[in-house]
Amino acid sequence: MEKIRIKNVTEENIDDLCQICIPSEKREDPAFIKGMEEKRKWAMEMLQMWSSFAKLAYRESTPVGLIQYKPVPPERIIYIYCIYVPEKENWRKEVATKLLSSLIEDMKKPRVWFDNKFPLALVTQTFAGEKPGQYSARLFFTKKGFKQVGDDPDFLYYPLKKGFIYQPVKGRRDPVYITETQKTEGYIPQEEDKGKVLLIYGPSFCPFSYSFLKKAEQEIKEVAQGIPMRWISKSEEPEEVKKRGNVEGCFVNAKPIKSFVFDKENFQKEVSEALMFP
């Protein structure tokens with residue numbers, strides 16, 4: 001068996017990070033190409049801001065897994081966006097374990113992000129999306145010693161300081177904690193948004209985010225033919241996004257659509273209901 005090597009993401013291998021999530025048959029799909037471009041913007045911003053934000057697992061020269069994370073200085077924690085091993089041939093071969101272990105080892109040292117103090121914990125919010133036969137993210141993290149935060153079974157933490165119990169700051173709305181379905185919360189409707197569809201996107205750690213919106217566009221056209229649609233990029237039109245509450249996602253007739261696009265029946269029902277009211 002080839003040895004698994006773990007490498008930090010730098011400018012030299014940043015494209016590996018942007019491509020690893022995309023199935024080979026989708027590499028030429030315009031929606032996924034755009035998604036990779038948005039992820040590259042996110043990755044470059046993270047690299048410039050934090051210098052350390054992701055790791056890749058390699059088998060020889062082939063990337064086979066990733067872990068992405070972000071320091072949260074006010075809480076002295078490291079937030080893990082995701083850990084992912086896309087191909088079945090690499091499952092149950094300790095790829096994810098080696099990625100997590102490498103991150104834990106790095107965090108045993110004082111970090112400049114925390115005024116040269118040690119981070120107190122790793123924190124993550126898991127979500128469904130595993131393939132058939134693949135460990136769920138929640139099962140993986142709990143098997144590695146992560147503990148539940150409060151009443152939310154998907155909100156987990158791993159103490160790096162003995163005896164530390166993580167308690168999130170009450171009322172805090174840090175972007176790293178916001179799930180895909182929560183990105184529409186805080187939307188400030190504009191008069192100009194009525195009678196049309198808004199699809200707001202921006203740099204993202206997940207290249208699928210943009211393709212989800214393209215899918216939403218298709219599903220909306222089935223129930224609302226001819227409705228005007230406007231795409232807004234957070235990086236190209238920041239003021240337009242800011243005045244709407246710095247949100248992302250799909251908005252129809254000045255109302256946020258919260259159903260997941262692959263739940264076609266409920267998604268289209270919510271779109272139809274949004275169009276019924278002025």
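## Salt bridges and a buried threonine

The structure holds 19 salt bridges. Keep in mind while you look around that this is a predicted model. Let's walk through a few of these pairs and then turn to one threonine.

A good place to start is R40, which forms a salt bridge with D15. Their closest N and O atoms are 2.8 Å apart. This pair links distant parts of the chain, with R40 in helix 2 (residues 30-50) and D15 in helix 1 (residues 14-19). In sequence, the two residues are 25 residues apart. How accessible are the partners? R40 is partly exposed, at a relative accessible area of 34%, and D15 is partly exposed as well, at 37%.

Next comes E191, whose salt-bridge partner is K194. Here the closest N and O atoms sit 3.4 Å apart. E191 is exposed because its relative accessible area of 63% is over the 50% cut-off. K194, with a relative accessible area of 43%, is partly exposed.

A third pair joins R230 and E192, with 3.6 Å between the closest N and O atoms. Again, distant parts of the chain are linked: R230 belongs to strand 9 (residues 229-233), while E192 lies in the loop between strand 7 (152-159) and strand 8 (197-201). They are 38 residues apart. R230 has 21% relative accessibility and counts as partly exposed, and E192, at 36%, also counts as partly exposed. This pair is part of something wider: salt bridges that share partners join E192, D193, R230, E237, E240, K243 and R244 into one network.

Here are the three pairs side by side.

| Salt bridge | Closest N and O atoms |
|---|---|
| R40 and D15 | 2.8 Å |
| E191 and K194 | 3.4 Å |
| R230 and E192 | 3.6 Å |

Now for the threonine. Where does T124 lie? You will find T124 in strand 5 (residues 121-125). Is T124 buried or exposed? T124 counts as buried because its relative accessibility is 2%, and the cut-off for buried is under 20%. The side chain of T124 reaches the backbone oxygen of I80, at a distance of 2.8 Å. I80 also appears among the residues in contact with T124 once neighbours within four places in sequence are left aside. The others on that list are Y79, F141, F146, D154, F155 and L156.

Notes
Residues numbered from 1 in each chain as written. Predicted model: local features only at pLDDT ≥ 70, side-chain atom pairs only at ≥ 80, totals over all residues. Heavy atoms only, no water. Helix = DSSP H or I, 4+ residues; strand = E, 2+ residues; numbered from the N terminus. Buried < 20%, exposed > 50% of the residue type's maximum accessible area, 1.4 Å probe, protein only. Polar contact = N/O pair within 3.5 Å; in protein donor to acceptor, adjacent residues only side chain to side chain. Contact = heavy atoms within 4.5 Å. Salt bridge = Lys/Arg side-chain N within 4 Å of Asp/Glu carboxyl O.
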